[in-house]
Number of protein chains: 2
Amino acid sequence: MIILSCGPALHSKEDEPHLGELVFVGLGLNDEKGMSLTGLEEAKSADTIFAELYTNLLLDFSIKRLESLCGNKITLLKRNDLEEKNGEAVLQAAEAGKTVLFVPGDPLIATTHITLRLAAEKANIRTRIVHGASIISAAIGLSGLHNYKFGKSVTIPFPDNYSETPYEVINQNRKAGLHTLCLLDIDTERQRYMTVRDSLETLLKIEKKRKQKAVTKTSLAVGIARAGSKTPIVKADYTQRLLNQDFGGPPYCLLVPAELHFMEA
Amino acid sequence: MIILSCGPALHSKEDEPHLGELVFVGLGLNDEKGMSLTGLEEAKSADTIFAELYTNLLLDFSIKRLESLCGNKITLLKRNDLEEKNGEAVLQAAEAGKTVLFVPGDPLIATTHITLRLAAEKANIRTRIVHGASIISAAIGLSGLHNYKFGKSVTIPFPDNYSETPYEVINQNRKAGLHTLCLLDIDTERQRYMTVRDSLETLLKIEKKRKQKAVTKTSLAVGIARAGSKTPIVKADYTQRLLNQDFGGPPYCLLVPAELHFMEA
């Protein structure tokens, strides 16, 4: 039997004493107040606190306010710290005592967190997860579309990472009568965000070439901006009209419905 | 253009003054401390607070503790109040002042919440959403499987609501190389919960009849219990062995992977 993750009673190396513990705390979608009350309790009792903010954009986040809530200094991690240095600093702290790592959204949706968690378990550090709101369920909920009608989801990359995969995923889903959630690429370090317009232009360009009618000028799409913030926007329209809608600031995502039979206002 | 949902600046009837407001606050996965700090702030400034707890199980929840956190009395709603009386009491309160409705998980994943939200907007009551952790992203995250490899999700109903749909969904997903998240039926009012064992037995029974090898005794599955609690369990094994595993108390869900190529401990 493979125990992928577990509570205190079922650790994979349960006979060995644990060195320390690493608690992943999800910050949800918008700012430091997106964490749960449990997350705050965990941070208040931690010896060391880290935060990574590059895997997603938290629009109204302030590290100073987070520090003041937790009553403790927080070390901000860059992509480099987790992906090249393999989270060395986090693992060292977690070997010495209780360590909290704040992450945007819900932990373990980003591959980086899964990798770090496995490294911790391998080093005999117990891990726990305090879940947070995720763009996956938030976007589906805000759209009014039914969760069980969504197929595979996909990320639409920036044009310089051109890929026809998103178009293919939408096409396959539509053929099966399913909606597609498209996450739009972000580069938080360069503050660059794929917009609803960019994503639709990319898809229509592929449509012109492949002509499979997965996304056409007169098919429907739903654009979402700032899910989880105080100013979320959700607009459904024909793609040619949605292209010219003003969604305000990032982050964005796009939903491509299979057919229009959802509950409309 | 159809505006499905929006922030203060973009209400569908923006020229008319609003009567009141209805804020849906997600309680996350386990207890009252699963709500975000924003959710608590909203509740503290509400005139009226409701909670519905039947759409999902919050294992360690206490209404008394939630009332004490919010500093206000909370009216508990039953299925009947929302589904037969169409949330009349909630809408009346929201017409008169700021009203918070606490719900398990992330709001708007349950159809009941979508229906109530549309009724509120129709009655010219502004609605807002404070997102919470959802079983959808929590289960995917805990499994260690990659989010973008999941196909359509499905609920496996109690045997008295026999359906072959879950088997078909798993079969279609597997053919496309995709994992399936199976939510397991719950009846919180009768405290009845579909277990991992029940769900596997149901699927294997359908397999015996249809022989499409979507789920066999030697195929792999991942059982999850109490995601988001302090004692989550995640076990991956061959279905015939998973059947006899002890997962402890509810709630449960089941993941059926397409193939075994996920990162194992």
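# Exercises on a predicted two-chain model

In chain A, residues 24 or more positions apart account for 74% of the contacts with a separation of 6 or more. The model is a predicted one, and the exercises below move from chain A as a whole to single strands and helices of both chains.

## Exercise 1: Chain A as a whole

Describe the secondary structure, the extent and the burial of chain A, and explain why chain A can be called as compact as a globular protein of its length.

*Solution.* Begin with the inventory: the secondary structure of chain A comes to nine helices and 13 strands. Next compare the radius of gyration, which is 20 Å, with the 18 Å that the globule rule gives for 265 residues; the two values are close, so chain A is as compact as a globular protein of that length. Then take the extent of the C-alpha trace, which spans about 60 × 45 × 35 Å along its principal axes. Finally, turn to burial, where 54% of the 265 residues of chain A count as buried.

## Exercise 2: Two domains in chain A

State into which domains chain A is divided, and work out how the two meet.

*Solution.* The first step is to set the bounds: domain 1 of chain A covers 19–130, and domain 2 covers 135–256. The second step is the separation of their centres, which, taken over C-alpha atoms, is 29 Å. The third step is the contact itself, to which domain 1 of chain A gives 12 residues and domain 2 of chain A gives 11 residues. Looking at the side of domain 1 of chain A that touches domain 2 of chain A, one finds five nonpolar, five polar and two charged residues.

## Exercise 3: The open sheet of chain A

Give the order of the strands in the five-stranded open sheet of chain A, identify its edges, and place helix 1 on it.

*Solution.* The order is 4-3-5-2-6, and the pairing is parallel. At the edges are strand 4 (75–77) and strand 6 (126–130) of chain A, each of which pairs on one side only. From one strand to the next, the twist averages 25°. To see one pairing in detail, follow strand 3 (residues 48–52) of chain A, which is joined to strand 4 of chain A by three bridges; A:Ala51, for instance, has A:Leu76 in strand 4 as its bridge partner. Helix 1 (residues 37–44) of chain A lies across strands 2, 3, 5 and 6 of chain A, and it runs at about 145° to strand 2.

## Exercise 4: One residue, A:Leu220

Is A:Leu220 buried or exposed, and how many residues in sequence lie between the positions of A:Leu220 and A:Asp237?

*Solution.* Locate the residue before judging it: A:Leu220 belongs to strand 11 (residues 220–225) of chain A. A residue counts as buried if 20 or more other C-beta atoms lie within 10 Å of its own. A:Leu220 has 20 such atoms within 10 Å, and therefore it is buried. As for A:Asp237, it is 17 residues apart from A:Leu220 in sequence, while the C-alpha to C-alpha distance is 5.5 Å.

## Exercise 5: The open sheet of chain B

Explain why strands 4 and 6 of chain B each have a side without a neighbour in the sheet, and then trace the pairings of strands 2, 3 and 5.

*Solution.* Start from the order of this open sheet of five strands in chain B, which is 4-3-5-2-6 with parallel pairing. Strand 4 (75–77) and strand 6 (126–130) of chain B stand at the edges with a single partner strand each, so one side of each is left without a neighbour in the sheet. The twist averages 25° from one strand to the next. Moving inward, strand 3 (residues 48–52) of chain B runs parallel to strand 5 (residues 98–103) of chain B and is joined to it by four bridges, with B:Thr48 and B:Thr99 as one pair of bridge partners. Helix 4 (residues 88–96) of chain B packs on the sheet, where it touches strands 2, 3 and 5, and its direction makes about 145° with that of strand 5. Strand 2 of chain B pairs with strand 5 of chain B over six bridges, B:Phe24 being the partner of B:Leu101, and five bridges join strand 2 to strand 6 of chain B, where B:Val25 is partnered by B:Val130.

## Exercise 6: Covered elements in chain B

How many residues of strand 2 and of helix 6 of chain B are buried?

*Solution.* In strand 2 of chain B, six of its six residues are buried. B:Glu21, B:Val23 and B:Val25 point one way, B:Leu22, B:Phe24 and B:Gly26 point the other way, and all are buried. In helix 6 (residues 135–143) of chain B, nine of its nine residues are buried, among them B:Ile135, B:Ser137 and B:Leu142. After helix 6 of chain B comes B:Gly144, whose phi is positive, near 80°.

Technical notes: Residues are numbered from 1 along each chain as its sequence is written. Chains are lettered from A and ligands numbered from 1 in the order in which they are written. This is a predicted model: local features need pLDDT of at least 70, side-chain atom pairs count only at pLDDT 80 or more; totals for chains, interfaces and linings use all residues. Two strands pair if DSSP finds at least two bridges between them. Helices (H or I, at least four residues) and strands (E, at least two) are DSSP runs, numbered from the N terminus. Axes are lines fitted to C-alpha atoms, for helices over the stretch in contact, and angles run from 0 to 180 degrees between N-to-C directions. Two residues are in contact if their C-beta atoms, placed from the backbone, lie within 7 Å. Domain bounds come from an automatic or database domain assignment. Ala, Val, Leu, Ile, Met, Phe, Trp, Tyr, Cys and Pro count as nonpolar, Asp, Glu, Lys and Arg as charged, and the others, Gly among them, as polar. A residue is buried if 20 or more other C-beta atoms lie within 10 Å of its own, exposed if 12 or fewer, and partly exposed in between; C-beta atoms are placed from the backbone. The radius of gyration is taken over C-alpha atoms; the globule rule is 2.2 Å times the number of residues to the power 0.38.
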